[in-house]
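Let us walk through this model one site at a time. Keep the sequence and the 3D view side by side.

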Amino acid sequence: MSDRTLYAGVDIGGTTTQVVLCDDALTVLDRAETTTPAAHGGQAMIDAALGALTPLLRGTPGRLTGVGVGAAGVVDSAEGRVLVASDSFRGWAGFPVTTAVADALGVPAFLDNDVNAFLRGEASSGAVRGEPDVLGITLGTGVGGALWTDGRLFPGPHGAAGEIGHIPGFGDLPCTCGGRGHLETLASGRSLAARYAERTGRTLTAPDLADAAGSGDEDARAVFHDAAAGLARAVVMTAGLVDITTVVIGGGVSRAWHLLEPVIRQRLAEEPPVSGHPVRLVRAGLGPDAVPVGAASRARLETGRGRRVEPASTPAP
């Protein structure tokens, strides 16, 4: 048996669960994915993740040292539980995620919000590797955010630091969180589709919208323009508060980078942060590996040499 140290990373999404097996340098040695049985409860979702991981462990020489899990929703990373999940998950809120994984595999397990895990991945071995101060944004069904300050994740006292998608002041449309006029109502895949339908009466998915915009559809271009302008404004707000130096953007909607990047850069140039220092804008480099690699990075941090435990987040009242 090899003495190589292995870390597993798991990304439990609403439709797909992705698993990676990494070495000590966070190089992905093998990966797998499976359907998330979100309607069947927490144990079923963990069983599906473990079912995808088991063949990887059998086929990769080494010793599993820790497992990290990234999950959508509000999580209590100290207790290893999901606090709040969308209605597409059943029996997930309150489920003891890390206990179930650790008991099954006999190694320590750790839980992160999926956007925090995304930023860990990009800061550990992706597009912003080694950078000390980063705002991470994911553009998918919703808009997620996370903060990396002084070379480490900053979760905030309630685990909600960096949640840029829920900054208000972007109109008056209802947001999925129950608020109104949040950035998510402009820049998520769901919102792009809804705004296009409102303009045209036609229903297209976000990827189809990007194709339409590339083919000269002015309404499609307009909704991407508004999303990019909103993102730039939210970045400037964040930079004014916490003096971030770099922004990394990922998620499915970021595949339309050619539509988003020019507008974001233009708006940042027109209205730079109060510091006078330009913000570096970067597209995520790890693609779908970002969340599971970031989860594996958390496991490496907590179980490796020079172990450092990050501040535990306190659930919001």
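A117 is buried, because its relative accessibility is 0% and the cut-off for buried is under 20%. Find A117 in helix α3, which spans residues 114-125. The model is a predicted one. Which residues does A117 touch, leaving out those up to four places away in sequence? They are G70, D112, A290, V291, G294 and A295. For a long view across the model, go from A117 to A194. The two are 77 residues apart in sequence, and their C-alpha atoms are 28 Å apart in space.

Now turn to Q18. This residue sits in strand β2, residues 16-22. Is Q18 buried or exposed? Its relative accessible area is 18%, so Q18 counts as buried; the limit is under 20%. Beyond residues up to four places away in sequence, Q18 touches G9, V10, D11, A32, E33, P288 and P292. Take P288 from that list. Q18 and P288 are 270 residues apart along the chain, yet 8.3 Å separates their C-alpha atoms.

Next come the helix pairs. Two packed helices are described by the angle between their axes and the distance between the axes. Start with α1, residues 42-59, and α2, residues 97-105. Their axes come within 11 Å and cross at roughly 40 degrees. The crossing of α1 past α2 is right-handed. On the α1 side, Q43, I46, L50, L53 and L57 make the contact. On the α2 side, V97, A100, V101, A104 and L105 do so. What classes do these residues fall into? Nine are nonpolar, one is polar and none is charged in the contact of α1 with α2.

Move on to α6, residues 206-214, which packs against α7. The angle is about 115 degrees, and the axes lie 7 Å apart. That makes α6 roughly perpendicular to α7, because angles of 65 to 115 degrees count as such. Here α6 passes α7 in a left-handed crossing. From α6, the residues that meet α7 are A206, L209, A210, A212 and A213. Their partners in α7 are A220, R221, V223 and F224. The contact of α6 with α7 has eight nonpolar residues, one charged residue and no polar ones.

Stay with α7, residues 218-242, and look at its packing with α8, residues 257-270. The two axes are 8 Å apart, at an angle of about 45 degrees. That makes α7 oblique to α8. The crossing of α7 and α8 is right-handed. The α7 side of the contact comprises R221, F224, H225, A228, A229, L231, A232, V235 and V236. The α8 side comprises L259, L260, V263, I264, R267 and L268. By class, the contact of α7 with α8 divides into twelve nonpolar residues, one polar and two charged. R221 and F224 of α7 meet α8, and R221 and F224 also meet α6.

Now for the aromatic rings. A pair of aromatic rings is described by the distance of the centres and the angle of the planes. How many aromatic pairs are counted? The count comes to two. F89 and W92 form a stacked pair, 6.3 Å centre to centre with 20 degrees between the planes. W92 and F95 have ring centres 6.0 Å apart and planes at 20 degrees, so this pair is stacked as well. These ring pairs link F89, W92 and F95 into a cluster. F89 and W92 are both buried. For W92, the relative accessible area is 1%. F95 is buried at 14%.

Finish with the backbone. Most residues other than glycine have a negative phi. L26 has a positive value, near 65 degrees. L26 lies in the loop between β2 and β3. With a relative accessible area of 4%, L26 is buried. D150 also has a positive phi, near 55 degrees. Its place is the loop between β9, residues 143-149, and β10, residues 152-153. Is D150 buried or exposed? D150 is exposed, because its relative accessible area is 68% and exposed means over 50%.

Technical notes:
Residues numbered from 1 in each chain as written. Predicted model: local features only at pLDDT ≥ 70, side-chain atom pairs only at ≥ 80, totals over all residues. Heavy atoms only, no water. Axes fitted to C-alpha atoms, helices over the stretch in contact; angles between N-to-C directions. Helix = DSSP H or I, 4+ residues; strand = E, 2+ residues; numbered from the N terminus. Parallel < 35°, antiparallel > 145°, perpendicular 65-115°, else oblique. Left-handed = near helix turned anticlockwise from the far one by under 90°. Contact = heavy atoms within 4.5 Å. Nonpolar A, V, L, I, M, F, W, Y, C, P; charged D, E, K, R; others polar. Phe/Tyr/Trp six-rings, centres within 6.5 Å; stacked < 30°, edge-to-face > 60°. Buried < 20%, exposed > 50% of the residue type's maximum accessible area, 1.4 Å probe, protein only.
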